[in-house]
Amino acid sequence: MGEVAAVVSAITAVAGLLLAVFGIPLVGGSSPLGQGVAAEGAPTSDAVAAASPSPSQTATPTPTPSTSASVSVSASALPSVSPSSPPPASASAPASSCSSSLPKDWRRVKAAALAVCFGRPDGWEQVPASEVQSTWRSPDRSYDLSVKRDRSYGSTPQAASAGQLAWYRDTAESSMADLEVTTHKTRQNGRDALWLEIDYHWARQSEPRKRLEVFVGGRAGYVYQLLVDTEASAQRLAEQSRLFATARESLRIDVNAR
């Protein structure tokens, strides 16, 4: 009987060794080996979450708390953005809001007819202008700040600035002479825009002047034009740059435009 028991014990040991080596699942699938074999044939959700996809994968997995951070999203699931595409709405200032912070010595102007809001220094007085323009002048008459909304020259900053410069160069119409223009690409209200530096003098005067302007497109084919004009002295030019920067920052276009 002792020999029989020894033989049975040996057979049992060999059987257990075979089970461990070949991974034959135990009854009920409760063995870790059984789960491992199942994972090889049909991956479980945990196995999929832990696996890193190959570069050729195109499927977009649904993220779960256990999903590895290395899982990449298919390019087809992302929005296509070309260099010429407009920026997302969140990247630009709200077009329909007049809210903007102003220096304590500035006041807000809301020109409903032009669908625009902008800032101007306290104490400046409004100058009669056309129905497409709002102009303000400093108390000492050294500076003019003006905002224009027009589409007669075109619907882009490039077309509008070209048309405006053509009018400036017509001395009989504008009284401006010997224009020298430097054009820069810039951004205004979250959109592509043009910034112009214009050196000139009045037709019957020799004193040099400088005009800073920015052109930005709005809705319905309109282009907004903001400018600050002054004499081209060192003191005036420094203040002009400050005024221009603050006015640009306060500019809100397409306000309540439909």
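**A three-stranded sheet and a buried glutamate**

Strand E2, covering residues 116–121, pairs with E10 through two bridges in the antiparallel sense. I should say at once that the model before us is a predicted one. Within this pair of strands, Cys117 is found opposite Arg252 of E10.

Let us now place that pairing in its sheet. In general, the strands of a sheet are joined by backbone hydrogen bonds, in a parallel or an antiparallel manner. Here the sheet is open and has three strands, ordered E1-E2-E10, with antiparallel pairing. Its edges are strand E1 (106–111) and strand E10 (252–253), each of which pairs on one side only.

What lies across E1, E2 and E10? The answer is helix H6, residues 234–250, which runs at about 150° to E2.

I turn next to a single residue, Glu213. This residue belongs to strand E8, which spans residues 209–217. Glu213 is buried, yet it has no salt bridge. The nearest side chain of opposite charge is that of Arg211, 4.2 Å away; the cut-off for a salt bridge is 4 Å.

Which side chains, then, make polar contacts with the side chain of Glu213? One is Tyr168, whose side chain is joined to that of Glu213 by a polar contact of 2.6 Å. Another is Gln225, where the side-chain polar contact with Glu213 is also 2.6 Å.

The wider surroundings complete the picture. Leaving aside residues up to four places away in sequence, Glu213 touches a number of residues, including Gln164, Leu194, Trp195, Leu196 and Ile198. Leu226, Leu227 and Phe244 are also among the residues that Glu213 touches.

Note on methods. Residues are numbered from 1 along each chain as its sequence is written. This is a predicted model: local features need pLDDT of at least 70, side-chain atom pairs count only at pLDDT 80 or more; totals for chains, interfaces and linings use all residues. Side-chain values use heavy atoms; hydrogens and water are left out. Helices (H or I, at least four residues) and strands (E, at least two) are DSSP runs, numbered from the N terminus. Buried means under 20% relative accessible area, exposed over 50%, partly exposed in between (1.4 Å probe, protein chains only). Lys and Arg count as positive and Asp and Glu as negative; His and the chain ends are not counted. A polar contact is a pair of N or O atoms within 3.5 Å; within protein, one must be able to donate a hydrogen and the other to accept it, and residues adjacent in sequence count only if both atoms are side-chain atoms. Contact means heavy atoms within 4.5 Å. Two strands pair if DSSP finds at least two bridges between them. Axes are lines fitted to C-alpha atoms, for helices over the stretch in contact, and angles run from 0 to 180 degrees between N-to-C directions.
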